[in-house]
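Let's take a walk through this structure together, starting on the inside and working outwards. Have the sequence and the 3D view ready, and follow along as we go.

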Amino acid sequence: MSACQDGPDVETDKPLPGVAADGARMVADGLMSRLLDLAEALQTEPASSGDTPQAPAAAPAVVGESDGGGAIRSLVSLPSRVAADAAGAVAGAVVPRVVDRIDVNALLAKVDVDALVARVDVDRILDSIDPNRLLDRVDVDELIGRVDVGAVAEEALEAVDIGDLIQESTAGIGTEALEAVRLQSMRADDFLARIVDRVLFRKRPRDTALARPDATP
Amino acid sequence: VSPKPHDPRAIALQERRAGVVSRLLALAVDVVVIILLGVVLMVVVAAIRALFTEEFVVEVSRDLWSGPIAALIAIAYMGYGWGLNGRTPGMVALGLRVVRADGRDLTPLRALVRAVLYVVFLPGILWAAVSRRNASIQDLIVGTAVVYDWGPAAARVAGTSRSEPSPARSEPSG
C-alpha cells in the first residue's frame, strides 16, 4: 500500500558475527573485572593461593577454617556470577539487534487474524464486563453537553409529521372513546331528524350541505 | 384532540350541518365548564375578600349584579371560542364547528352577537330539531351554521380540507 517497501524480511547491513563479537568482548570484560576484584581480595587474605578462577573443587577443603571469610565465599560463587553476568551481557547486546531485524509487518502477515479471532470467546469476555462500572465512568452530562440537541430536535421534527403523531399518540384510548361518542351523537342526530320529519310529513331528506358559493360554479 | 374518523359515515358527514342532539350535548359540556369557571371566580372573590375580613367564605351571591356577571362569563366564553376558531370546548369534544352559512369562518363580531343571542334566548337552539337545514333561531338571525368538523385530519380524510382558499374567501387583491 505505502510506497516504501524496501528490504525483504531481514536487514543485511549488520551481520550477526559482529554481534557475537560484541557479546564475547563484554563477557571477557566482565570476567576480567571479577578476577581483578578477586586478586585484590586475596592479597589481603593469606589463607589460600589459588590464582585460577576455576577452583571450586579445591575450595571446600580450605573453607573449614573460619578466617577464610568473604574472599573464599566470593571465590566459590565466582563461576555462577560470571556466567550470569555473561548471559545478561549477551542478552542485552543481542536482543535489541534481533528485535531490530524483525519485520513485524511480515510477521503479522503470516498470522491468520480471523482464525485468531474465531478462537476468542467474545461472550465470555462480555460476561466478565460489568456494564454498570463502565457506565459509571461515562460522564453523561458532558456527553449531552457536546450534542447540539436543538439541531437534532429540529432535524427530527422536520422528518416527522408532528401534528399527525401527536394526534395519534396523545389521544390513545381516549380518542377511541371520543370517536364513539361523536358517532353515537351523529346517529342520534339523524334518528331524531327522521322522526321529526315523519311527524311533519316531510318527504325530502334534510338539506345539510353548506351553501358554498364556490361549490356550484 | 381530534381523532381521524374511521367510520365511513362519519367521513361522509364532515362539513355537513350537525343535528340537534350533538349540539345539545356540546352545550351541556359547555354549561358544565361555565359553571366551573363561575366556581373558580367565586373562590377568587372569596380569597380577595379574605384579605380584608380575615375569613374565607365561598358563597353564591344573591346580589343584583351576580346574574349579569354570569351572563357576561357565558358570553365571553362562547364569543371567545367561536371567534377564535369556531369552537367552544364542548364543540371541540363533540367535533362541531360554527361557520357562516356559506362555509366561511366567523368574524369575531358575528361570534359575539351569536353568543349574546344564545344567552338571551337559549331555547332557540331547539329549532335545529325542526329546521330543514338544522338551523337554530340564532343561526337564522346571524347567518351561521354548525357543522361536523373533526379537525384537519378528518378533513384530509374526507377531502373537505379548508386549507386551500376558495375564490369566495380570498381577499380582493389590488
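Helix H2 of chain B provides 4 residues to the lining of the largest cavity, the largest share that comes from any element. Keep in mind as you look around that this is a predicted model. How do we know where to look for empty space at all? Rolling a probe the size of a water molecule over the atoms shows where empty space is left.

The structure holds 1 cavity of 30 Å³ or more, and the volume of the largest cavity comes to about 130 Å³. It has 13 lining residues, and if you want to find its centre, head for B:Arg23, B:Leu27, B:Trp82, B:Met91 and B:Ile125, which are the closest to it. Three helices of chain B, namely H2, H3 and H5, each give two or more residues to this lining. What sort of residues are they? Sorted by class, the lining of the largest cavity has 9 nonpolar residues, 1 polar residue and 3 charged ones.

Now for the pockets. The largest pocket has a volume of about 640 Å³. Its lining is made up of 28 residues, and the ones closest to its centre are B:Gly38, B:Ser66, B:Ile69, B:Ala70 and B:Ile73. You'll meet some familiar helices here: H2, H3 (66-85) and H5 (108-120) of chain B each supply at least two residues of the lining of the largest pocket. Which element gives the most? That's H2(B), with 12 residues. The lining of this largest pocket divides into 22 nonpolar, 3 polar and 3 charged residues.

The second largest pocket takes us to chain A. Its volume is about 460 Å³. There are 24 residues in its lining, and A:Asp190, A:Ala193, A:Arg194, A:Asp197 and A:Arg206 lie nearest its centre. Two elements give two or more residues to this lining: helix H12 (173-199) of chain A and H6 of chain B. The largest share, 8 residues, comes from H12(A). By class, the lining of the second largest pocket has 10 nonpolar, 3 polar and 11 charged residues.

Let's stay with H12 of chain A for a moment. A:Asp190 and A:Arg194 both sit in this helix, 4 residues apart, which is about one turn of the helix. Their side chains meet in a salt bridge, at 3.0 Å from N to O. Why might two such side chains pair up? Side chains of opposite charge can pair when their charged atoms come close. Over all chains, a search of the whole structure finds 13 salt bridges.

That leaves the place where the two chains meet. How many residues are in contact there? Chain B brings 45 residues, in contact with 31 residues of chain A. Between them the two chains bury about 3,200 Å², with 52% of it on carbon and sulfur atoms. The count of salt bridges between chain B and chain A is 3. For an example of a salt bridge between the chains, look at A:Arg187 and B:Asp7, whose side chains meet at 3.8 Å, N to O. The interface also has 19 residue pairs in polar contact, both residues being at pLDDT 80 or more.

On the side of chain B that touches chain A, several elements each supply at least two residues, including helix H1 (8-12), helix H2 (20-53), strand E1 (96-100) and strand E2 (144-148). H2(B) turns up once more, as it gives the most to this side, with 4 residues. By class, the residues of this side of chain B divide into 24 nonpolar, 10 polar and 11 charged.

Definitions and conventions:
Residues are numbered from 1 along each chain as its sequence is written. Chains are lettered from A and ligands numbered from 1 in the order in which they are written. This is a predicted model: local features need pLDDT of at least 70, side-chain atom pairs count only at pLDDT 80 or more; totals for chains, interfaces and linings use all residues. Side-chain values use heavy atoms; hydrogens and water are left out. Contact means heavy atoms within 4.5 Å. Buried area is the accessible area (1.4 Å probe) that two parts lose on being put together, summed over both. A salt bridge is a side-chain nitrogen of Lys or Arg within 4 Å of a carboxyl oxygen of Asp or Glu. A polar contact is a pair of N or O atoms within 3.5 Å; within protein, one must be able to donate a hydrogen and the other to accept it, and residues adjacent in sequence count only if both atoms are side-chain atoms. Ala, Val, Leu, Ile, Met, Phe, Trp, Tyr, Cys and Pro count as nonpolar, Asp, Glu, Lys and Arg as charged, and the others, Gly among them, as polar. On a 1 Å grid over the protein atoms alone, a cavity is a set of points where a 1.4 Å probe fits but cannot get out, and a pocket is an open set with protein on both sides within 12 Å along at least five of seven lines; lining residues have an atom within 4 Å of a point. Grid points are joined across faces, edges and corners, and a volume is the space filled by probe spheres set on the points.
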